[in-house]
Amino acid sequence: MAAATRALLVAAVIAAALFGTALGATYTVGAPAGSWDLRTNYTRWTSTIRFYAGDELRFQYPAAAHNVVEVTKTAYDNCSSSSPVATFPSGNDVIPLAAVGTRYFICGLPGHCAGGMKVQVNVRSKVVRCRGRGARQRCTQTTPQPSSAAQAGAQPVLALGLAAVLAGLMLLY
């Protein structure tokens, strides 16, 4: 195998491995005790989690019984789904939290939002802390510590990255 091809393969394998570790956390809404339903207290659920840009929300529910509607703050406060930002009806909706800010989600079926199926998610930026000045400056990025449920969601991605690294190494030798 030519040196250039070998170097390209090594770079691709390293990039695949790093991709798996660079992803944000995935949070299943209401987990571990609940889901997207009329029984879960979403204010309590969000109070235990810090959401960061790069994370994602997973809404799991019976598609015939519920949906997820992203709305504005006013629509959230009034439980109105008449002018949605976006609608997600699959029953297994994954929504990326790509930017810093507050996002509002409700169930658009009549009476469900008023019954408690609404969640406000405050998305923060990851914090970079630097010490020292000039050439001696050292910076670190604070990242969230995902819950065990989020870590379980990341395990398949990490396993895929590890498999790619091993496959690449086997091709080299």
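This is a short talk on the fold of one protein chain and on one residue in it, Asn67.

Before anything else, please keep in mind that this is a predicted model.

I'll start with the overall make-up. The chain has 173 residues, and 29% of them count as buried. Its accessible surface is about 10,600 Å², and carbon and sulfur atoms contribute 59% of that. If you take the contacts with a separation of 6 or more, 66% are between residues 24 or more positions apart.

Now the secondary structure. There are 4 helices and 10 strands. Going along the sequence, the order is α-β-α-β-β-β-α-β-β-β-β-β-β-α.

Next, the sheet. There is an open sheet of 5 strands with mixed pairing, and the order across it is 2-8-7-4-5. Which strands stand at the edges? Those are strand 2, residues 51–52, and strand 5, residues 86–88; each has a single partner strand, so one side of each has no neighbour in the sheet. Further in, strand 4, residues 68–71, runs antiparallel to strand 7, residues 101–106, and 3 bridges join the two. If you want a pair to find on the screen, Val71 is opposite Tyr104 of strand 7.

Strand 3, residues 55–60, pairs with two strands that I want to mention. One is strand 1, residues 26–28, which is parallel to strand 3 over 3 bridges. Thr26 has Glu56 of strand 3 as its bridge partner. The other is strand 6, residues 92–97, which is antiparallel to strand 3 and joined to it by 6 bridges. There, Asp55 sits opposite Leu97. The two faces of strand 3 are not alike: Asp55, Leu57 and Phe59 are on the covered face, while Glu56, Arg58 and Gln60 are on the uncovered one.

After strand 3 comes the loop that leads to strand 4, and Asn67 is in that loop. Is Asn67 buried or exposed? Its relative accessible area is 14%, and the cut-off for buried is under 20%, so Asn67 counts as buried.

What is around Asn67? Apart from neighbours within four places in sequence, Asn67 contacts Trp36, Tyr61, Phe88, Pro89, Ile106, Cys107, Gly108 and Leu109. With Gly108 there is also a polar pair to look at: a polar atom of the Asn67 side chain lies 2.7 Å from the backbone nitrogen of Gly108.

To recap, the points to look up in the model are the open sheet of 5 strands, the two faces of strand 3, and Asn67 with its side chain 2.7 Å from the backbone nitrogen of Gly108.

Notes
Residues numbered from 1 in each chain as written. Predicted model: local features only at pLDDT ≥ 70, side-chain atom pairs only at ≥ 80, totals over all residues. Heavy atoms only, no water. Pairing = 2+ DSSP bridges. Buried < 20%, exposed > 50% of the residue type's maximum accessible area, 1.4 Å probe, protein only. Contact = heavy atoms within 4.5 Å. Areas by Shrake-Rupley, 256 points an atom, 1.4 Å probe, with all protein chains shown as cover. Polar contact = N/O pair within 3.5 Å; in protein donor to acceptor, adjacent residues only side chain to side chain.
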